[in-house]
Amino acid sequence: MNDQALREPTLLILTAIADAPRHGYAIAQEVEKISEGRTKMRTGTLYGALERLLEQELIAVHEEEVVDGRRRRSYALAPRGRETLAAEAARLARTAQEATRRLGLGGASASLGASFRASFHASFRVGAVVVGS
């Protein structure tokens, strides 16, 4: 596992398949949903990222079938990917907790409230990001 923070597209892809295997189109839909519409992954970028994550053994092909003459794969988190995602989620939670503490929003042990989450997301939202070309 790497000690560097995951890039957002990688984090979103791993999160999208954390609860269930999904095929490419469903992953792209989940990425958009998880990012609240900020990130839309183009097909070429998504499949390039999936190949890279396969090579890094962060994901695995769950199932492969041919539908209408086209290969369709579903992807699932590999054990290494689950470990990586869990470590990144913990790192992000610690950072958010420290931000909450420093903003005086209920102390270091307080959970992120709905209003803080909304203002936090709003402060970083400058529009949708399209990943890839």
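Contact here means heavy atoms within 4.5 Å. The model is a predicted one, in which local features need pLDDT of at least 70 and side-chain atom pairs count only at pLDDT 80 or more, while totals for chains, interfaces and linings use all residues. Residues are numbered from 1 along each chain as its sequence is written, and side-chain values use heavy atoms, with hydrogens and water left out.

**View 1. The whole protein chain, with five helices and five strands.** Helices (H or I, at least four residues) and strands (E, at least two) are DSSP runs numbered from the N terminus, and from that end the elements follow the order α-β-α-β-α-β-β-α-α-β. Of the contacts in the protein chain with a separation of 6 or more, 53% are between residues 24 or more positions apart. Of the 133 residues in the protein chain, 29% are buried (under 20% relative accessible area, with a 1.4 Å probe and protein chains only).

**View 2. The crossing of helix H1 (residues 8-16) and helix H2 (residues 24-34).** Two packed helices are described by the angle between their axes and the distance between the axes. Axes are lines fitted to C-alpha atoms, for helices over the stretch in contact, and angles run from 0 to 180 degrees between N-to-C directions. The axes of H1 and H2 come within 9 Å and cross at roughly 110°, so the two helices are roughly perpendicular to each other (65 to 115 degrees). This crossing of H1 and H2 is right-handed, the near helix being turned clockwise from the far one by less than a right angle. From H1, Leu12, Ile13, Thr15 and Ala16 meet Ile27, Glu30, Val31 and Ile34 of H2. By class, the contact of H1 with H2 has six nonpolar residues (Ala, Val, Leu, Ile, Met, Phe, Trp, Tyr, Cys and Pro), one charged (Asp, Glu, Lys and Arg) and one polar (the others, Gly among them).

**View 3. The crossing of H2 and helix H3 (residues 43-55).** The axes of H2 and H3 come within 11 Å and cross at roughly 105°, which means that H2 is roughly perpendicular to H3. Gly24, Tyr25, Ile27 and Ala28 of H2 make the contact with Leu46, Tyr47 and Leu50 of H3. The residues of this contact of H2 with H3 comprise six nonpolar, one polar and no charged.

**View 4. The surroundings of Arg73 in strand S4 (residues 70-77).** The side chains of Arg73 and Glu51 are joined by a polar contact of 3.4 Å, a term for a pair of N or O atoms within 3.5 Å of which, within protein, one must be able to donate a hydrogen and the other to accept it, residues adjacent in sequence counting only if both atoms are side-chain atoms. Leaving aside neighbours within four places in sequence, Arg73 is in contact with Arg22, His23, Gly24, Glu51, Leu54, Val61, Glu63 and Glu64.

Conventions: Angles under 35 degrees count as roughly parallel, over 145 as roughly antiparallel, 65 to 115 as roughly perpendicular and the rest as oblique. Buried means under 20% relative accessible area, exposed over 50%, partly exposed in between (1.4 Å probe, protein chains only).
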